[in-house]
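Student: Can you pull up the model? I'd like to go through the contacts.
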Number of protein chains: 2
Amino acid sequence: MPAEAKPDTPARARPDTAARPASAPLTERQEARRRRILAATAQLAGRGGFDAVQMREVAEASQVALGTLYRYFPSKIHLLVATMQDQLEHLHATLRRRPPSGDSAAERVAETLMRAFRALQREPQLADAMVRALTFADRSVSPEVDQVSRQTTAIILDAMGRERPTPEQLSAVRVIEHTWHSALITWLSGRASIAQVKVDIETACRLIELTDDES
Amino acid sequence: MPAEAKPDTPARARPDTAARPASAPLTERQEARRRRILAATAQLAGRGGFDAVQMREVAEASQVALGTLYRYFPSKIHLLVATMQDQLEHLHATLRRRPPSGDSAAERVAETLMRAFRALQREPQLADAMVRALTFADRSVSPEVDQVSRQTTAIILDAMGRERPTPEQLSAVRVIEHTWHSALITWLSGRASIAQVKVDIETACRLIELTDDES
DNA sequence: ATCAAGTCTGAAACTTGTTCTAGATTAGCG
DNA sequence: CGCTAATCTAGAACAAGTTTCAGACTTGAT
């Protein structure tokens, strides 16, 4: 990553991502551009992974000038994190449609995460690009990464029939999320098998049982 | 990261890192070069973090040609991961000198990790560089990353008075390690407080109690 | 319809990781 | 010592992320 992270945010009026729809209404054509960009990104990432997402190519594939691409997404990392947000929304919607079936909260969470994991396995290169971006992100991407994190938390809480989780349960969820991310990385870099990821997730999910008296 | 990851390892006789001392004996001057490189890297990373470790600067600071630097460490990531190995060895040695004092295995592990965490806090920029490299590493760095992982596992097992850990305990250790890495990342990117990291680590360590009947 | 402000485009320039090359140096060996 | 292969050096060259800029196009308000 060549240039230094920008030390200040010069209040440049950029469309920004969909993080907070309040920042700028975005005209229809702008919305379309944004969508084209994300689609092109996902496609390029789908083959090749992280390295195949080249800003010039994304710009060309989405029929947008390089400068415009950078106005929408101030760095490659921002772009990929936004792609992840996008995909997570899909996933969450899908999961809502068919909720997990396990008996205990721990089982349901593990089941949900394994389902998400299988979805990622179908597009390992895309997963690689998104996850690498997520963990490589520096402070300048914090808001966006945080949003991804909140979305993930929401998915997990949905899976345990939540209803006002206790602080202890929230702690457990945090550890599960840590495990999820980190296990994903070890799998993507070929240092852990799918089976190993499964075990790790299930192990982490046991923490839920510890604090749980069956909803 | 411009160039594609090299798909093949062309058996080029490179000094490689100290991973396995068997690969190439390394003359005295070579050992000295390697050491200078790692020292320069740690220093540059100490200010500035990941971005401040620029290959040309590392080469200059360690009085080595750029090409030579690349012969010793085939990429910036390799270089930083090797730096991490180096630091971890120091840490492990230090920890051995004063073992943790907690009563239960879980307490001792948490104590150990928090001690390591405090060490990292003293050099947050260095920590940033090393951890980012670690999680960004792709398959071409797997052996080295794996070595770091083994070292970390060893530290944790040391902390729980180990003695042939059960498979369940090993699973718990894996989750703890995942949590450790991921929590570190969230702290480094400013998305979690020190207190939060502490809680997360302690929560993960509870998994040890689950499988433990006090050694 | 018209004007000002904000956007988008195309292209070049800049930065930093990585590779390559030709010529010194060094190491090990007979 | 003198040779040969490996290693090291200096420096150019290349790749991809990022920045910049001048000019064309849109948009929104009047």
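Tutor: We take the protein interface, then the DNA. This is a predicted model, where local features need pLDDT of at least 70, side-chain atom pairs count only at pLDDT 80 or more, and totals for chains, interfaces and linings use all residues. Residues are numbered from 1 along each chain as its sequence is written, chains are lettered from A and ligands numbered from 1 in the order in which they are written, and side-chain values use heavy atoms, with hydrogens and water left out.

Student: How many residues of chain B are in contact with chain A?
Tutor: 39 of chain B, against 39 of chain A. Contact means heavy atoms within 4.5 Å.

Student: And what area is buried there?
Tutor: About 3,500 Å² between chain B and chain A. Carbon and sulfur atoms give 53% of that. Buried area is the accessible area (1.4 Å probe) that two parts lose on being put together, summed over both.

Student: Which residues of chain B lose the most area to chain A?
Tutor: B:Phe136, B:His178 and B:Arg191. Together they make up 18% of what that side buries.

Student: How many salt bridges cross over?
Tutor: Six, between chain B and chain A. The rule wants a side-chain nitrogen of Lys or Arg within 4 Å of a carboxyl oxygen of Asp or Glu. A:Asp200 and B:Arg174 form a salt bridge, at 2.9 Å from N to O.

Student: Which elements of chain B give two or more residues to that side?
Tutor: α6 (124-136), α7 (142-159), α8 (167-188) and α9 (194-210). α8(B) gives the most, with 13 residues. Helices here are DSSP runs (H or I, at least four residues), numbered from the N terminus.

Student: Switching to DNA strand D. Which residues come nearest?
Tutor: A:Arg56, A:Lys76, B:Arg33, B:Thr68 and B:Tyr72, of the 22 residues around the strand. A residue is near a strand if one of its heavy atoms lies within 4 Å of it. Of the strand D atoms that come within 4 Å of the protein, sugar and phosphate account for 62%.

Student: What lies 2.8 Å from a phosphate oxygen of strand D?
Tutor: A polar side-chain atom of B:Tyr72. For A:Met55, a polar backbone atom is 3.0 Å from a phosphate oxygen of strand D. Polar contacts are pairs of N or O atoms within 3.5 Å; within protein, one must be able to donate a hydrogen and the other to accept it, and residues adjacent in sequence count only if both atoms are side-chain atoms.

Student: Which helix gives the most to the surface near strand D?
Tutor: α3(B), with three residues.
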